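Q: Could you take a close look at one part of this model for me, the nonpolar core, and then walk outward to the helices and loop around it?

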Amino acid sequence: MDTATLEALIPIIQAHVSASSQPTESGFEKSVDFQLQTGLVDDAPAFSDIIPADWIETALKG
């Protein structure tokens, strides 16, 4: 890609990237819904079963 294209894409991409690196339950649910509706999975685990949210928050705080 040329420089002008990359410069035009940066603000578009930034608008769709979370400011936080911590996964959210709402984002997880959107992903699960998509995967269930498209048949990629038949069943999905709960957010709390696979995302160690408390551990991530503690680690990010340092």
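**From the first helix to the core**

A: Happy to, and a good way in is the start of helix α1, where a side-chain oxygen of Asp-2 comes to within 3.3 Å of the backbone nitrogen of Ala-4. Please keep in mind that this is a predicted model. Helix α1 covers residues 3-15, and its 13 residues should span 18 Å at 1.5 Å a residue; the end C-alpha atoms are 19 Å apart, which agrees. Along α1 there is a kink of about 25 degrees at Leu-9, shortly before the proline Pro-11.

Helix α2 also invites a length check: with 13 residues, α2 reaches 18 Å from its first C-alpha to its last, close to the 18 Å expected at 1.5 Å a residue. Just after α2 comes Gly-39, which has a positive phi of about 80 degrees.

Now to the part you asked about. The largest nonpolar core is made of five residues, namely Phe-28, Val-32, Phe-47, Ile-51 and Ile-56. As general background, nonpolar side chains in soluble globular proteins tend to be buried together. Two members of this core, Phe-28 and Phe-47, are both buried, and they bring us to the rings. The structure holds one aromatic pair. The ring centres of Phe-28 and Phe-47 are 5.4 Å apart and the ring planes meet at 65 degrees; an angle over 60 counts as edge-to-face, so this pair is edge-to-face. The pair links distant parts of the chain, with Phe-28 in helix α2 (residues 25-37) and Phe-47 in helix α3 (residues 47-50), 19 residues apart.

Another core member, Ile-56, is worth following too. Setting aside neighbours within four places in sequence, Ile-56 is in contact with Gln-22, Pro-23 and Ile-51, and Ile-51 is itself listed in the core.

Moving outward, Ala-46 sits in the loop between α2 and α3. Ala-46 has a relative accessible area of 36%, so it is classed as partly exposed. The C-alpha atoms of Ala-46 and Glu-29 are separated by 8.9 Å, although these residues are 17 residues apart along the chain.

Finally, Asp-49 has its place in helix α3, the helix that also holds Phe-47. While Phe-47 is buried, Asp-49 counts as exposed because its relative accessibility is 60%. Asp-49 and Ser-21 are 28 residues apart along the chain, and their C-alpha atoms are separated by 19 Å.

Conventions: Residues numbered from 1 in each chain as written. Predicted model: local features only at pLDDT ≥ 70, side-chain atom pairs only at ≥ 80, totals over all residues. Heavy atoms only, no water. Core = buried A, V, L, I, M, F, W, Y, C linked by side-chain atoms within 4.5 Å. Buried < 20%, exposed > 50% of the residue type's maximum accessible area, 1.4 Å probe, protein only. Contact = heavy atoms within 4.5 Å. Phe/Tyr/Trp six-rings, centres within 6.5 Å; stacked < 30°, edge-to-face > 60°. Helix = DSSP H or I, 4+ residues; strand = E, 2+ residues; numbered from the N terminus. Expected span 1.5 Å × (residues − 1). Bend = angle between axes of the 7 residues up to and from the residue. Polar contact = N/O pair within 3.5 Å; in protein donor to acceptor, adjacent residues only side chain to side chain.
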